[in-house]
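Below are some notes for a colleague who has not yet looked at this entry. Please read them with the structure open.

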Amino acid sequence: MAAKKNNKEIIDLLLSVKGIEIYNDCFKDCFLITQITIPSYVTSIGNSAFKKCESLEQVKILSPLTSIGDFTFYDCSSLKEITIPSSVTLIGNYAFFQCSSLTQITIPPSVTSIQKMAFCKCLSLTQITFSTPSSVVSIGENAFFDCSSLKEIQLPPSVTSIGDNCFKECKLLERVTIPPSVSLIGKAAFFKCKNVKEITIPPSVTSIEDNTFNECTSLKQVMIQSSIKSIGNYSFFRCSSLSQIEFPSSLVSIGQFAFCECSSLAHISIPPSVTSIGMGAFGICLSLKSVEIPSNINTSAIGFGSSVSIKKI
């Protein structure tokens, strides 16, 4: 049953029925509701149940829910406070999308998966806390995209994968801790994170995907482990503060425009293991003076300036 818009008596009556399920779209567009308590006897909450409840500020969940479904609190732009119960194992797609007043969130130990767009465009979110011991294994694509107030993220040691665009355009993000358990960092995961200064890529990661650190203009230091075999297209494009990079002997390929416009790079040494370097990979690196490069690599399309001293190895 769907609630009549903004009729608090009907909403209270619905929530007084023991064993009730809150169905899909049940309270969708109830734009005058400011707070709601979900009793312990509610067995489940459907997708989009509170979607676009634009005045909803506070949610108390007393029910032992196992999941927060897709779009559940989508565009609840006034939501400031919610506690995710310790029974929840899944935070669904778009669950808190554009909850632009939400300032902090705690992920309980029971959660194993944060799905795509879950906290996307939570513009006021400054703190994400993973309770210990954390069970989160995967963080989906765009999960924290454009959380533009977030300054620090410390991922727990349970995480194995970071989805595409996961922290894209988190413009104030300065500190990122990626645990050794992570084996996959998705495409454009940190795209335009303009305040990140250093990053350590875990040893279980074998590929730096396309656009991963594109336009991370404050990035000065990257620790690339000996497991890395490929660096994707545009992966460090316009990382204008990056002054040095050490390539591991495991590296086989460097993609197109991978380090293009890295204007602080002064010297690079490319190991003999590299067999392929894409077009413009080091184009417009204005400070670049010297390059060591395998003799089998054709340098004509890479983008080295005329003043660069090239030594074949």
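1. Start with one pair of strands. Strand E9 (residues 113-114) and strand E11 (residues 138-139) run parallel to each other and pair over two bridges. Within this pairing, Ser113 stands opposite Ser138 in E11. Keep in mind that the whole model is predicted.

2. The wider sheet comes next. E9 and E11 belong to an open sheet of six strands, in the order E5-E7-E9-E11-E13-E15, with parallel pairing. Strand E5 (67-68) and E15 are the edge strands; each has a single partner strand, so one side of each is left without a neighbour in the sheet.

3. On the nonpolar interior: the largest core counts 97 residues. Phe96, Phe259 and Phe282 are the residues with the most contacts inside this core. Five strands give two or more residues to the core: E2 (35-38), E4 (58-61), E8 (104-107), E10 (127-130) and E23 (290-293). Apart from this there is a second, separate core of five residues, among them Tyr74, Met117, Cys120 and Phe145.

4. Phe282 deserves a closer look. Which residues is Phe282 in contact with, leaving aside its neighbours within four places in sequence? The phenylalanines are Phe247, Phe259 and Phe304. The isoleucines are Ile254, Ile268, Ile270, Ile277 and Ile302, and Gly303 completes the list.

5. Two of those contacts of Phe282 also pair with each other. Phe247 and Phe259 form an edge-to-face aromatic pair, with 5.6 Å from centre to centre and 80° between the planes. The pair links distant parts of the chain, twelve residues apart: Phe247 is in the loop between strand E19 (230-231) and strand E20 (253-254), while Phe259 is in the loop between E20 and strand E21 (267-269). Phe259 has a relative accessible area of 0% and is therefore buried. Phe247, at 11%, is buried as well.

6. Aromatic pairs in general: the count comes to 19. A stacked example is Phe167 with Phe190, at 5.5 Å centre to centre and 10° between the planes. Their positions in the chain are 23 residues apart, with Phe167 in the loop between strand E13 (161-162) and E14, and Phe190 in the loop between E15 and E16. Are these two rings buried or exposed? Phe167 is buried at 0% relative accessible area, and Phe190 is buried at 1%.

7. Two lysines sit over aromatic rings. Lys51 lies over the face of Tyr74, at 4.8 Å from the ring centre; Tyr74 is also one of the residues of the second core. The charged end of Lys168 is placed over the ring of Phe191, 4.9 Å from its centre.

8. Salt bridges: the structure holds seven. One of them joins the side chains of Arg175 and Glu152, with 3.6 Å from N to O. This pair links distant parts of the chain, 23 residues apart, since Arg175 lies in strand E14 (residues 175-177) and Glu152 in strand E12 (residues 152-154). Arg175 is partly exposed at 43% relative accessibility, and Glu152 is partly exposed at 38%.

9. A further salt bridge is formed by the side chains of Glu169 and Lys171, at 3.3 Å from N to O. Here the two partners fall into separate classes: Glu169 is buried, with a relative accessible area of 19%, whereas Lys171 is partly exposed at 34%. The value for Glu169 is under the 20% cut-off, so the residue counts as buried.

10. The last bridge to check is that of Lys194 with Glu215, whose closest N and O atoms are 3.3 Å apart. Lys194 is in the loop between strand E15 (184-185) and strand E16 (198-200). Glu215 is in the loop between strand E17 (207-208) and strand E18 (221-223), and the two residues are 21 residues apart. Lys194 is partly exposed at 28% relative accessibility; Glu215 is buried at 13%. This pair does not stand alone: salt bridges with shared partners join Lys194, Glu215, Arg238 and Glu261 into one network.

Note on methods
Residues are numbered from 1 along each chain as its sequence is written. This is a predicted model: local features need pLDDT of at least 70, side-chain atom pairs count only at pLDDT 80 or more; totals for chains, interfaces and linings use all residues. Side-chain values use heavy atoms; hydrogens and water are left out. A nonpolar core is a set of buried Ala, Val, Leu, Ile, Met, Phe, Trp, Tyr and Cys residues joined through side-chain atoms within 4.5 Å. Buried means under 20% relative accessible area, exposed over 50%, partly exposed in between (1.4 Å probe, protein chains only). Helices (H or I, at least four residues) and strands (E, at least two) are DSSP runs, numbered from the N terminus. Contact means heavy atoms within 4.5 Å. A salt bridge is a side-chain nitrogen of Lys or Arg within 4 Å of a carboxyl oxygen of Asp or Glu. Rings of Phe, Tyr and Trp (its six-membered ring) pair if their centres lie within 6.5 Å; planes under 30 degrees apart count as stacked, over 60 as edge-to-face and the rest as tilted. A charge sits over a ring if NZ of Lys or CZ of Arg is within 6 Å of the ring centre and within 35 degrees of the ring normal. Two strands pair if DSSP finds at least two bridges between them.
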